[in-house]
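Please open the model in your viewer and keep the sequence panel beside it. The tour below moves from one selection to the next and says what can be found at each stop.

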Amino acid sequence: MEFYKLQSGGRMPALGYGTFLATGLELEKSLNIALETGYRFFDTAIGYNNEQIIGKVLNEWISAGKVTREELFILTKLPSFGNRPEEVDTYIKQSLQDLRLDYIDMYLIHLPIGLFKNGKSLYSDMELDKSTDHLKIWKKMEDQVVNGRAKSIGLSNFNIKQVQRILDNCKIRPESLQNENHLYFQSPEVVQFCKLNNIILIAYSSLGMKSFRELIGISWNNKQLPEMLENDVLVKVANKHGKTPAQALLRFINQKGMSVIPKSTNPDRIVENFQIFDFKLDTEDMDALCSLDNGESGRIVRFTMIKNIEDHPEYPF
């Protein structure tokens with residue numbers, strides 16, 4: 001396993017286990033397989049509605065002496081319906097309780113836009129809170145580090161301008177930025193910005209999120225693009241190294257200096273996704289895969305399930 005050094009003094013694994021759209025017994029089984037495989041970095045969020053299950057499994061492993069708390073790296077996020085300074089304490093305390101932890105290793109602002117929950121559980125039923133103030137929220141995020149609830153803090157789905165504003169006004173710098181990044185959406189300008197500012201970029205949707213796209217009926221804008229893991233160039237690179245297309249793609253993203261958090265509930269794929277550090281792509285491989293970037297037309301996630309989201313003054317895309 002490779003690690004990234006954090007300004008806060010800790011280390012973040014370069015590979016984690018994503019839990020988006022995973023709940024119930026299926027997630028419980030998958031977490032056990034992931035822990036047995038060697039995953040120690042787990043990514044979740046209040047918005048995923050699965051923190052209690054993750055907390056249950058982690059507690060079982062810690063209680064049984066199979067893993068120590070210090071070996072684990074747990075990342076969770078402030079939900080967009082908590083994007084007000086007075087609500088940060090409430091939601092991180094809820095996450096700590098549900099995850100059965102004394103502290104969070106990395107706490108992120110999940111989205112740059114705010115919502116009013118108004119008793120609703122579906123994002124599509126919530127209303128925009130157009131008063132979102134990133135600097136006031138960030139000050140409360142910094143408080144979480146000071147009071148020991150979070151070891152480090154960061155952002156998710158923010159654009160360069162939004163991140164820069166926080167960098168210009170913060171006491172504690174954001175340690176990470178979790179954004180969409182994959183074969184068809186490589187955002188080299190964000191990758192470069194993060195490198196220049198010593199921010200670790202965590203790539204989500206790194207394998208194309210096929211099940212998620214099919215579930216809600218979305219895809220990248222360029223309809224000519226083949227399914228990501230069936231791309232001829234990627235398959236050729238994978239075959240050259242005796243690896244699966246998913247392994248080659250994860251390694252490609254990782255070699256560009258990013259952390260990756262692939263999600264799978266398939267036992268074989270959970271194991272496969274972990275086996276990306278025993279080979280290296282050469283310059284020819286990297287160049288070939290870089291050439292497949294489709295820019296904005298390759299983006300999958302635009303959060304359009306949130307009503308009128310593009311009307312929010314902090315909509316990032």
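**A loop residue to begin with**

Select Asn50, which lies in the loop between strand S4 (41–43) and helix H2 (51–63); helices (H or I, at least four residues) and strands (E, at least two) are DSSP runs, numbered from the N terminus. Before going on, note that this is a predicted model, in which local features need pLDDT of at least 70 and side-chain atom pairs count only at pLDDT 80 or more, while totals for chains, interfaces and linings use all residues. Residues are numbered from 1 along each chain as its sequence is written, and side-chain values use heavy atoms, with hydrogens and water left out.

Is Asn50 buried or exposed? Asn50 counts as buried because its relative accessibility is 1%, where buried means under 20% relative accessible area, exposed over 50%, and partly exposed in between (1.4 Å probe, protein chains only). Leaving aside residues up to four places away in sequence, Asn50 touches Thr19, Ala22, Thr23, Leu27, Thr44 and Ala45, a contact being heavy atoms within 4.5 Å.

**Salt bridges from H2 to H4**

Stay with helix H2 and select Lys56 together with Glu28, which form a salt bridge whose closest N and O atoms are 2.7 Å apart; the term stands for a side-chain nitrogen of Lys or Arg within 4 Å of a carboxyl oxygen of Asp or Glu. Because Lys56 lies in helix H2 and Glu28 in helix H1, this pair ties together parts that are 28 residues apart in sequence. Now add Glu60, whose side chain also meets that of Lys56 in a salt bridge (3.0 Å, N to O); Glu60 and Lys56 are four residues apart in helix H2, and are therefore separated by about one helical turn. Lys56 is partly exposed, with a relative accessible area of 28%, and Glu60 counts as partly exposed at 36%.

Next, select Asp89 and Lys140, whose side chains meet in a salt bridge (3.8 Å, N to O). Asp89 lies in helix H3 (residues 88–99) and Lys140 in helix H4 (residues 134–146), so this pair ties together parts that are 51 residues apart in sequence. Extend the selection to Asp143 and Arg149, which are linked with Asp89 and Lys140 in a network of salt bridges. The structure holds 15 salt bridges.

**Helix H6 and its two sides**

Move to helix H6 (residues 188–196), where Val190, Val191, Phe193 and Cys194 are buried. They cover an arc of only 165 degrees around the axis, which puts them on the same side of H6; the arc is that of the directions from the helix axis to the C-beta atoms. Lys195 and Leu196 are exposed on the other side of H6. Among the elements covering the buried residues are helix H5 (160–169), strand S10 (176–180) and S11. Just after H6, Asn198 takes a positive phi of about 55 degrees.

**Helices H9 and H10**

Select H9, which is mostly covered, nine of its eleven residues being buried. What covers them includes helix H8 (232–240), H10 and helix H11 (283–290). Gly257, which follows H9, has a positive phi near 95 degrees.

Finish at helix H10 (residues 267–274), whose buried residues are Ile270, Asn273 and Phe274. They lie on the same side of H10, because the arc that they cover around the axis is only 105 degrees. Their cover includes strand S3 (17–18), helix H1 (24–37) and helix H9 (245–255).
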